[in-house]
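Work through the exercises below with the sequence and the model side by side, trying each task before reading its solution.

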Amino acid sequence: MAPIARRLQHAAYGDPEVLEVAEVPLPEPGPGQVRVRVHAAGANALDSKKRRGLFAPGQDAPAEPQPLGLEMAGVIDALGPGVTRWKTGQPVLGLTAQQNAVATHALADADNIVAKPDVLTFEQAAALPVAAETAHRTLRRLGLGAGQTLLVHAAAGGVGLMAVQFARAWGATVIGTASEANHPFLRDLGATPVTYGDGLAERIRAAAPQGIDVVLDASGRGVLPLSVELTGDPEKVITIADLDAARHGVRFSSGMLPIAQAMTEILPMIEDGSLRIPIEAVFPLERAADAYRRLDNGHLRGKVVITARTPLDPAARAVLDMAMQPGVPQLHELSAPEARAAMDGMWADLGGEPAAVARAEDAVANGVPVKLYWPEGEGPHPVLIWIHGGGWTLGSAAASDATARDLCRLAGYLVVSVDYRLAPEHPFPAAVEDVRAVAQWVSSQIGALGGDTTRMAVGGDSAGANLSAVLANELPGTFALQVLVYPATDLTHPFPSYEENGEGLMLTKDALAWFQGHYLGDDVDPKDPRISPLYTDAATLATAPPALVITAGYDPLRDEGEAYAQRLREAGVTVEQVSYEGQIHGFFSMPAAIPAAREALERVTATLRRAWA
């Protein structure tokens with residue numbers, strides 16, 4: 001299956017109920033474009049007008065499903081031809097090339113994005129482009145200057161709040177219409193609020209006895225006649241929301257500036273803290289209909305934002321909080337023996353109670369220690385060679401005992417858990433040699449121990465998944481399935497997730513450098529396919545067994561796992577690739593703390609059972 005994205009779309013015109021989240025092919029950037037893995041997108045009134053069919057009068061439905069959204073913030077994950085000023089992994093905000101920002105991935109012209117300021121969250125950054133550009137552009141077109149009085153209709157909405165702040169920064173007096181609940185907030189920004197409804201003209205005149213010089217209508221709620229009356233000149237009124245503007249001789253502002261040009265004056269205000277970006281509400285993509293319902297109801301205080309990135313699982317956050325308490329040294333700050341002791345203890349605590357199996361024994365396979373687990377029932381049993389993770393430096397068959405037992409019991413496999421040699425005492429290629437030696441021993445000896453060598457699979461997590469992929473490629477025809485749980489497949493780490501997820505999570509860039517420094521040693525090419533299976537030639541990949549590839553959304557290895565799954569597909573291999581978007585690296589080994597680990601384990605064991613169904 002080709003890589004997919006998820007996007008919000010509508011196949012009919014109407015209320016928010018017509019919205020649906022659909023799977024679509026992953027967009028590929030063209031010349032001068034970048035692809036952004038969207039973290040958050042802003043919801044705008046233009047989206048609602050489009051959804052209701054106001055730009056297609058007389059039609060019940062568009063010719064094909066239509067996406068929504070103009071603005072987004074996220075991380076660049078692919079570059080089109082000719083793009084040199086950006087690199088993958090950079091956080092950006094901006095406008096999409098088409099109206100399709102409410103999605104997991106979207107394309108943008110390289111000159112229509114800017115770097116996301118570090119002081120902004122992705123949600124704040126997604127709320128900025130349309131509101132800030134629109135407010136800035138319309139106020140400049142109105143010629144607003146110091147000493148003038150500006151009336152803003154819908155002053156507490158996204159555009160209105162930006163207009164209030166720009167106008168005050170330029171020395172203008174601001175009168176803003178808003179619901180009573182938003183008055184204290186507008187006063188805090190330096191505006192004089194007035195309430196909607198009957199008597200509005202009198203309230204505005206009382207608030208601005210000096211008169212109104214110019215008006216920005218961001219409401220679209222029939223206020224243009226009053227606005228023209230207050231200014232005495234339709235040229236002094238601009239609307240961004242009322243489609244009847246021409247009937248009143250008023251300008252309808254459209255035609256957005258390139259975001260980089262618009263942000264020249266705005267970004268410094270963000271950096272120095274003088275521009276606030278209030279957010280009314282944040283909704284996940286799956287609740288986008290609720291987001292637009294909230295937008296359509298009006299009376300907002302700031303922007304409505306839709307998050308395309310799944311939030312970090314609270315259970316995973318709790319694990320991180322435990323692991324990163326103040327004063328607790330991080331992995332890369334320890335020696336290898338100290339790190340092994342610390343991680344073995346953590347895995348024992350988080351792995352859960354070891355499940356009962358029919359039998360478990362230690363053995364030696366061609367000089368390599370292994371632990372064997374037999375399921376209930378009469379053999380011969382299918383065989384799984386399981387290779388533990390730990391950055392080729394940590395871990396053991398004993399530390400992964402709970403995982404091996406669960407795999408044995410739930411899948412009905414005879415599991416061979418490998419105790420390969422660890423770095424730095426035994427750097428590359430020791431681990432590769434050991435897992436190959438075990439595979440050869442299993443092929444020749446496991447039949448006498450109740451295993452069926454015609455039904456064999458290999459799998460592992462992290463570094464163990466790396467070694468599993470290497471083994472599957474080096475021994476074509478041996479395995480009927482490979483299970484790769486958040487695999488390390490490219491030790492050059494050129495992908496965006498390395499930067500995006502490289503700090504503050506279970507596996508960091510510093511930890512990866514620590515692991516690889518121990519494993520690779522000196523004078524080793526990280527693109528050797530036995531180190532980075534992503535660089536395996538296509539002919540070899542074509543002989544690989546079907547694969548289940550599991551990735552985690554908050555993992556620096558996420559993208560290389562997805563890239564390896566795609567390379568296998570391109571080589572003609574059957575691949576099931578599952579992303580646990582809210583999870584961290586290592587979650588699979590933590591079922592006692594993270595419920596999603598149990599779900600992932602059950603997915604693995606179901607796939608193993610199906611291999612021989």
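**Exercise 1.** Find which strands helix H19 lies across, and how it runs relative to E24.

Solution. In this predicted model, local features need pLDDT of at least 70, side-chain atom pairs count only at pLDDT 80 or more, and totals for chains, interfaces and linings use all residues. Residues are numbered from 1 along each chain as its sequence is written, and side-chain values use heavy atoms, with hydrogens and water left out. Start at residues 595-610, which form H19 (helices, H or I, of at least four residues and strands, E, of at least two are DSSP runs numbered from the N terminus). This helix lies across E19, E21, E22 (481-485), E23 (547-554) and E24. Its direction is at about 170 degrees to E24, where axes are lines fitted to C-alpha atoms, for helices over the stretch in contact (heavy atoms within 4.5 Å), and angles run from 0 to 180 degrees between N-to-C directions.

**Exercise 2.** Work out the strand order of the sheet and name its edge strands.

Solution. The open sheet has eight strands, in the order E17-E18-E20-E19-E21-E22-E23-E24, with mixed pairing; two strands pair if DSSP finds at least two bridges between them. At the edges, E17 (359-365) and E24 (575-584) each pair on one side only.

**Exercise 3.** Decide how many residues of helix H12 are buried, and what they pack against.

Solution. Of the eleven residues in H12 (401-411), nine are buried, meaning under 20% relative accessible area with a 1.4 Å probe, protein chains only. Among them are Asp 401, Arg 405 and Leu 407. The buried residues pack against E17, E18, E19, E20 and H19.

Methods
Buried means under 20% relative accessible area, exposed over 50%, partly exposed in between (1.4 Å probe, protein chains only).
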